Amino acid sequence: MKLRKILMMTTLAAASLATLAAAPQSDKQPIVSSTGRFGDSSSIAPKYLNYLYGVIKEKNPNELILSQTKFGVDQTFKLNKKTKFTLDGKPSSFDKLKVGDKIFVDVDTDKKAGDLIAKKVVSGVEIPSAP
């Protein structure tokens, strides 16, 4: 009986060791997309993290109306003389914006009226400089 128990324990130990030896083990990390599509989105455009995103629905010299904002409804942003425009990483102007453009807006709130004022409007693709 004792011999049978020892034999059974030895067999189980050998089977366990064989299973562990056969299991593939790797210290390699999974492949990470270079575009960050499945990773942390803040690594793609961290400087625009606090900007509001939207698609231009209407534009006139005093304001931009954006759709697809985080508010879930069309949002109006007032423009003033201090508003700066950037297209493809270079200074631009209001005239170069088109309905349908996807933009980021750095926003300030008018303390008296509560209006959203666009401080900076960024459109196009900004190509980062080489490190």
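Mentor: Before we begin, a strand is a DSSP run of E with at least two residues, and strands are numbered from the N terminus. Please keep in mind throughout that this is a predicted model.

Trainee: With that in hand, in which strand does Ser-67 lie?
Mentor: Strand S2 covers residues 63-67, and Ser-67 belongs to this element. The strand that holds Ser-67 is therefore S2.

Trainee: Is Ser-67 buried or exposed?
Mentor: A residue counts as buried under 20% relative accessible area and as exposed over 50%. The relative accessibility of Ser-67 is 16%, and because this value falls under the first cut-off, Ser-67 is buried.

Trainee: Which residues is Ser-67 in contact with, leaving aside its neighbours within four places in sequence?
Mentor: One of them, Asp-74, lies in the loop between S2 and strand S3, while another, Lys-57, lies in strand S1. With those neighbours left aside, the full list for Ser-67 is Gly-54, Val-55, Lys-57 and Asp-74.

Trainee: How far apart in sequence are the parts that the salt bridge of Asp-74 and Lys-57 ties together?
Mentor: The side chains of Asp-74 and Lys-57 meet in a salt bridge, with 2.4 Å from N to O. Asp-74 is partly exposed at 38% relative accessibility, and Lys-57 is likewise described as partly exposed, at 41%. Because Asp-74 sits in the loop between S2 and S3 and Lys-57 in S1, the parts tied together are apart in sequence by 17 residues.

Trainee: How many salt bridges does the count come to?
Mentor: Besides Asp-74 with Lys-57, the side chains of Glu-63 and Lys-78 meet in a salt bridge, and Lys-119 forms one with Asp-106. The count of salt bridges comes to three.

Trainee: In the salt bridge of Glu-63 and Lys-78, is Glu-63 buried or exposed?
Mentor: The two side chains meet at 3.3 Å, N to O, and since Glu-63 lies in strand S2 and Lys-78 in strand S3, the pair ties together parts that are 15 residues apart in sequence. Lys-78 is partly exposed, with a relative accessible area of 31%. For Glu-63 the relative accessible area is 18%, so Glu-63 is buried.

Trainee: And what is the distance between the closest N and O atoms of Lys-119 and Asp-106?
Mentor: This pair links distant parts of the chain, with Lys-119 in strand S7 and Asp-106 in strand S6, 13 residues apart. Lys-119 is partly exposed, its relative accessible area being 40%. The closest N and O atoms of the two residues are separated by 3.8 Å.

Trainee: What separates the C-alpha atoms of Asp-115 and Lys-78?
Mentor: Asp-115 lies in the loop between S6 and S7, and Lys-78 is among the residues in contact with Asp-115. The two are 37 residues apart along the chain, yet the separation of their C-alpha atoms is 7.1 Å.

Trainee: Turning to the interior, which strand gives the largest share of the largest nonpolar core?
Mentor: This core has 14 residues, and those touching the most other members are Leu-64, Phe-77, Leu-97, Ile-103 and Val-121. At least two residues come from each of strands S1, S2, S6 and S7. The largest share, three residues, is supplied by S7.

Trainee: Which Phe is in contact with Leu-97, leaving aside neighbours within four places in sequence?
Mentor: With those neighbours set aside, the contacts of Leu-97 include Ile-56, Leu-64, Ile-103 and Val-121. Lys-59 and Ser-123 are also on that list, and the Phe found there is Phe-85.

Trainee: Phe-85 and Phe-94 form an aromatic pair, so what kind of pair is it, stacked or edge-to-face?
Mentor: Phe-85 is buried at 14% relative accessible area, and Phe-94 is buried at 16%. Their ring centres are 6.1 Å apart, with 65° between the planes. Because planes over 60 degrees apart fall in that class, the pair is edge-to-face.

Trainee: Which residue lies over the face of Phe-94?
Mentor: The ring of Phe-94 belongs to one of the two aromatic pairs found in the whole structure. At 4.5 Å from the centre of this ring, over its face, lies Lys-59.

Key
Residues numbered from 1 in each chain as written. Predicted model: local features only at pLDDT ≥ 70, side-chain atom pairs only at ≥ 80, totals over all residues. Heavy atoms only, no water. Core = buried A, V, L, I, M, F, W, Y, C linked by side-chain atoms within 4.5 Å. Buried < 20%, exposed > 50% of the residue type's maximum accessible area, 1.4 Å probe, protein only. Helix = DSSP H or I, 4+ residues; strand = E, 2+ residues; numbered from the N terminus. Contact = heavy atoms within 4.5 Å. Phe/Tyr/Trp six-rings, centres within 6.5 Å; stacked < 30°, edge-to-face > 60°. Lys NZ or Arg CZ within 6 Å of the ring centre and 35° of its normal. Salt bridge = Lys/Arg side-chain N within 4 Å of Asp/Glu carboxyl O.
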